Structures are given as C-alpha cells and as structure tokens.
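Biologist: Hi! Could you walk me through this one while I have it open?

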Amino acid sequence: MAGQHHPKDHWTQEAYSTSASFVPQLATAIVQWLDPQPDDIILDLGCGDGALTLKLKQSSASVTGVDSSANLVISAKKAYGSTVGLSFHVHDCRQLDRWVNFQEGAYTKVFSNAALHWILKDPGTRASVLQNTYTLLKPGGTFAFEMGGAGNCAEVHAALMAALVHQGVSIQDARELCPWFFPSENMMRRNLQDVGFTVERTEVEYRPTKLTAEEGGGIEGWVRLMGAQFLDALSSESKKEAAIEEVCELLKTVITHDEDGSMFLGYVRLRVLARKPA
C-alpha cells in the first residue's frame, strides 16, 4: 500500500496482487483490534487497492479510504466504488490537514494496515501525521494500525543496500534511499503519547511470510515493487536489472525452504491500538 508520494507511482493493481496479495489476507488480527461496529465511521489510511477497506465496510456504517497512489485508488473505485458508504480518495497521507475532507472529529475510528512504515518515513512530517490523525478522531475514538516493526524484512533491506553499493552508490546514499520507517514498540508508543493518544495495546510479531509463487511475483516481484525507490537511484536499466538479479541470487539460499522451494521473508509486524481521550 502506498502512503506517500514518490517520484513515480510504481503501484499498480497487477503488481500489487502478483507480488503482495498476502498483505490484506494477513490483516485479521489488526481488524479484530479495530473491532468495527455498525455505527462506526472509519478512515483507512493508505488503503491501497481497497480490498481490505471493503471488508471494513461490511461491518460499519461508512469507510473512507485515502492513498497517494492514483493507480491504486482508480482500481479501488473501479472494483468497489459503487458500494454505498464506501469512498476512495487520492491524497498524500503525510499532509492530511491539506485534504479537502479534513474535519476535526469526523471519524469514530482510524485504521491503517501495512502503510504507516511508508507514510511516517519522513521525520519532518511524522509528528504531524499522528497529530492530524488525532484531530480527525472523535473524542474516545480509536486508532488501530499494523506496520513494519524494527527488523522488518532485514535480509532484503541489507541485500538491496549492498546491490546499490556494488553499482556505485555510496553506502550513505543507499541508507538515505530507504523508503521505510520500522520503529520499535517503545518508540511508536512515545510518538503517539506525545500528540495526546493513550496507547491501550501493542504487540510485535515475528511473522515469516510466504512470498507469492506466480509469474512476476516471488522475490523478484517483491523487490521491483517494494524496492522501487532504491532501484530508481540507478542511472540505467542495465544497472537496475543487475541489482535486482544480485538481490534475488543473494537471497535465494537464505529465504528458500528446501523441502518445497517456497520463499519466505522475515516480516516483523508492529500492531498498536491507541485512543483519543473522551
């Protein structure tokens, strides 16, 4: 799911479903934490292709999905736009206060799955994203989210940085190209408390996640989609392809299960339930 604007919109429904279809399928726990009720008015930050947003609507009064990827929002509208009480909007979630629909106390609950590690990457807007989320909630409203936690997908993160260095990018530049923010449980708790939230529940889960096996997916598809910002730093298509090949070859023996050839990445999931005091 895309949470913030990038130089290019790499996100497409086809690439997402081919390389990351497991993301909404593995969101059962955080949806349970959200506990959508028939009278809830919910905001979904980084809604992506809308599949999970639709699921939330089935248990609530209305759900509004926001994502910076025009490609994914177009797909969401095409697939689910006729559903009553469900709407999708293109907007940079780092600047919610500039959204035309920004209104204090408009939502009973705010939800986000697998998007905040993109949205909160920029330290300059991190606090304002959380503050704006707090403002959007009604008093007593809850903010339930799941994101990458500290150490998430460390093997592919390291491999991507190494591949860039081998293509002439400095190690410092490779570090700065990382598009993700993977905080610890304690750091995220402090950040939320700083803007006024009461943190009711947190959880960190190490969850090795099986990559898709279909053509265009797997580790190569994951790297092309999730690692696009790293790869865009390379000056030619040949260097980009060489970097992708190196990452895939380097990781092959690390992430492959010998018994059946399936590949798993070391996902670390951080789940949080926070409340705006009544």
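Modeller: Happy to. One cut-off before we start: buried means under 20% relative accessible area, exposed over 50%, and partly exposed in between. And do keep in mind that this is a predicted model.

Biologist: Thanks. With that cut-off, why does Glu241 count as partly exposed?

Modeller: Glu241 has a relative accessible area of 34%, so it is partly exposed.

Biologist: Which residue does Glu241 form a salt bridge with?

Modeller: Arg224, and the closest N and O atoms are 2.6 Å apart. That pair links distant parts of the chain, with Glu241 in helix α13 and Arg224 in helix α11, 17 residues apart. Arg224 counts as partly exposed because its relative accessibility is 34%.

Biologist: Let's stay with α13. Which of its residues are buried?

Modeller: Lys240, Ala243, Ile244, Val247, Cys248, Leu251 and Ile255. They cover an arc of only 130° around the axis, so they sit on the same side of α13. In general, an α-helix has 3.6 residues a turn, so residues three or four places apart point the same way.

Biologist: What do those buried residues pack against?

Modeller: They pack against α8, α11, α12 and β7. On the other side of α13, Ser238, Glu245 and Thr253 are exposed.

Biologist: Switching to strands. How many residues of β4 are buried?

Modeller: Seven of its seven, so to speak the strand at 107-113 is mostly covered.

Biologist: And which strands does β4 pair with?

Modeller: β1 pairs with β4 in the parallel sense over three bridges, and β5 pairs with β4, also in the parallel sense, over six bridges. Leu43 has Val110 in β4 as its bridge partner, while Phe111 stands opposite Ala144 in β5.

Biologist: Back to charges, then. Where does Lys109 find its salt-bridge partner?

Modeller: Its partner is Asp40, in the loop between α3 and β1, whereas Lys109 is in strand β4, 69 residues apart. The closest N and O atoms of that pair are 2.8 Å apart. Asp40 and Lys109 are buried.

Biologist: What about Arg207, is it buried or exposed?

Modeller: Arg207 is buried, and so is Glu146. The two form a salt bridge, with the closest N and O atoms 3.6 Å apart. Arg207 is in strand β6 and Glu146 in strand β5, 61 residues apart. Salt bridges that share partners join Glu146, Glu203, Glu205, Arg207, Arg269 and Arg271 into one network.

Biologist: How many salt bridges does the structure hold?

Modeller: The structure holds 13.

How values were computed. Residues are numbered from 1 along each chain as its sequence is written. This is a predicted model: local features need pLDDT of at least 70, side-chain atom pairs count only at pLDDT 80 or more; totals for chains, interfaces and linings use all residues. Side-chain values use heavy atoms; hydrogens and water are left out. Buried means under 20% relative accessible area, exposed over 50%, partly exposed in between (1.4 Å probe, protein chains only). Helices (H or I, at least four residues) and strands (E, at least two) are DSSP runs, numbered from the N terminus. Two strands pair if DSSP finds at least two bridges between them. The arc is that of the directions from the helix axis to the C-beta atoms. Contact means heavy atoms within 4.5 Å. A salt bridge is a side-chain nitrogen of Lys or Arg within 4 Å of a carboxyl oxygen of Asp or Glu.
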